[in-house]
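Me: I am new to this structure. Can you walk me through how to read it?

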Amino acid sequence: MRVCSSFSLWRLGTCSAMAAALLFTAACGVDSSASPSGSPKESMNSMTMTEKEAISRMEKIIREAVGVLEPEPRLESIENLSQRSSCDPDDGGSPEQTVLNRSYLLRGVPQSSNGEIARKIKGFWDRQGYKIDSAVRLDGNKPQVLGLDSSGDFSLGLITSGDGVLEIGATSPCVLPLGTGGA
């Protein structure tokens with residue numbers, strides 16, 4: 001299954017400053033059904049999950065992580081990055097399949113706390129059993145944490161925008177609007 005999600009760029013080992021800056025935007029042609037090592041994997045959850053369930057899971061990933069912060073930052077949706085993208089139907093999948101993205105700016109936190117915030121969120125994700133594949137600059141003001149949830153289906157990340165504001169987001173696997181039975 002192919003996904004248009006730049007969260008997947010780091011899975012291919014090509015995460016650069018440019019990829020990090022584009023982390024929450026829809027990019028193209030990265031295989032999200034591959035495990036981080038690149039081998040194919042099947043997920044019953046993503047094959048049967050509805051868009052509503054995927055959105056609920058992404059929101060839970062994000063809001064639980066932000067909930068460990070005191071004071072809790074205000075989440076400001078990044079609308080142009082919180083969208084759906086088409087999956088590549090050339091691999092035999094349904095043309096109705098989509099990838100969903102949710103991205104938020106963390107407002108109300110000083111940039112001098114970015115590293116501390118990233119360490120807390122990374123620690124929370126570690127305790128949740130998430131696979132963190134990249135955690136860099138956690139002692140500075142431009143941290144980046146990228147990984148997968150415990151199912152391996154949802155990409156997640158915390159990055160620093162160009163103007164120093166933290167962004168948190170999640171990307172779903174390919175899903176059908178009504179799950180497997182509803183296409």
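Me: Which residues does Glu76 touch, not counting residues up to four places away in sequence?
Reply: This is a predicted model. In it, Glu76 touches Ser103, Tyr104, Leu105 and Arg107. Glu76 itself sits in strand β3. Along the chain, Glu76 and Ser103 are 27 residues apart, yet their C-alpha atoms are separated by 8.4 Å.

Me: Is Glu76 buried, exposed or partly exposed?
Reply: Glu76 has a relative accessible area of 30%, so it is partly exposed. The partly exposed range lies between the buried limit of 20% and the exposed limit of 50%.

Me: Let me step back. How many helices and strands does the chain have?
Reply: The chain has four helices and nine strands. Read from the N terminus, the elements go β-α-β-α-α-β-β-β-α-β-β-β-β.

Me: What share of the residues is buried?
Reply: Of the 183 residues in the chain, 50% are buried.

Me: And what share of contacts join residues at least 24 apart in sequence?
Reply: Take the contacts between residues at least 6 apart in sequence. Of these, 62% join residues at least 24 apart.

Me: Now the helices. How do I describe two that pack together?
Reply: Two packed helices are described by the angle between their axes and the distance between the axes. Here, take α3, residues 51-66, and α4, residues 114-127. They pack at about 125 degrees, and their axes are 9 Å apart. That angle makes α3 oblique to α4. The crossing of α3 past α4 is right-handed.

Me: Which residues of α3 and α4 meet?
Reply: From α3 come Ile61, Glu64 and Ala65. They meet Ile121, Phe124 and Trp125 of α4. By type, this contact has five nonpolar residues, no polar ones and one charged.

Me: How far does α4 reach from its first C-alpha to its last?
Reply: α4 reaches 20 Å with its 14 residues. That is close to the 20 Å expected at 1.5 Å a residue.

Me: Which residues of α4 are buried?
Reply: They are Asn114, Gly115, Ile117, Ala118, Ile121, Gly123, Phe124 and Trp125. The buried residues of α4 pack against α3 and also against strands β5 (98-107), β6 (131-136), β7 (144-148), β8 (155-160) and β9 (166-171).

Me: Let me try one residue of α4. Why does Phe124 count as buried?
Reply: Phe124 has a relative accessibility of 11%, so it counts as buried. The limit for buried is under 20%. Phe124 is in contact with Glu64, Ala65 and Val68, leaving aside its neighbours within four places in sequence. Its C-alpha atom is 9.5 Å from that of Val66, and these two residues are 58 apart along the chain.

Me: Now α3. Is Ala54 buried or exposed?
Reply: Ala54, in helix α3, is buried, with a relative accessible area of 0%. Leaving aside neighbours within four places in sequence, Ala54 is in contact with Met49, Leu100, Phe154, Ser172 and Val175. Val99 is 45 residues away from Ala54 along the chain, and their C-alpha atoms are separated by 9.1 Å.

Me: What about Arg63: buried, exposed or partly exposed?
Reply: Arg63 is also found in helix α3. It counts as partly exposed, at 43% relative accessibility. Neighbours within four places aside, Arg63 is in contact with Leu75 and Tyr104. The C-alpha atoms of Arg63 and Ile168 are separated by 9.6 Å, with their positions 105 residues apart along the chain.

Me: Last topic: the backbone. What should I look for?
Reply: Most residues other than glycine have a negative phi, and most peptide bonds are trans. Now look at Arg137. Its phi is near 55 degrees, a positive value in a residue other than glycine. Arg137 lies in the loop between β6 and β7 and is partly exposed, with a relative accessible area of 48%. Gly129, just after α4, has a positive phi of about 85 degrees.

Me: Which peptide bond is cis?
Reply: The bond from Glu70 to Pro71 is cis, with omega near -5 degrees. Pro71 is in the loop between α3 and β3 (74-77).

Technical notes
Residues are numbered from 1 along each chain as its sequence is written. This is a predicted model: local features need pLDDT of at least 70, side-chain atom pairs count only at pLDDT 80 or more; totals for chains, interfaces and linings use all residues. Side-chain values use heavy atoms; hydrogens and water are left out. Axes are lines fitted to C-alpha atoms, for helices over the stretch in contact, and angles run from 0 to 180 degrees between N-to-C directions. Helices (H or I, at least four residues) and strands (E, at least two) are DSSP runs, numbered from the N terminus. Angles under 35 degrees count as roughly parallel, over 145 as roughly antiparallel, 65 to 115 as roughly perpendicular and the rest as oblique. A crossing is left-handed if the near helix is turned anticlockwise from the far one by less than a right angle, and right-handed if clockwise. Contact means heavy atoms within 4.5 Å. Ala, Val, Leu, Ile, Met, Phe, Trp, Tyr, Cys and Pro count as nonpolar, Asp, Glu, Lys and Arg as charged, and the others, Gly among them, as polar. The expected span of a helix is 1.5 Å times one less than its number of residues. Buried means under 20% relative accessible area, exposed over 50%, partly exposed in between (1.4 Å probe, protein chains only).
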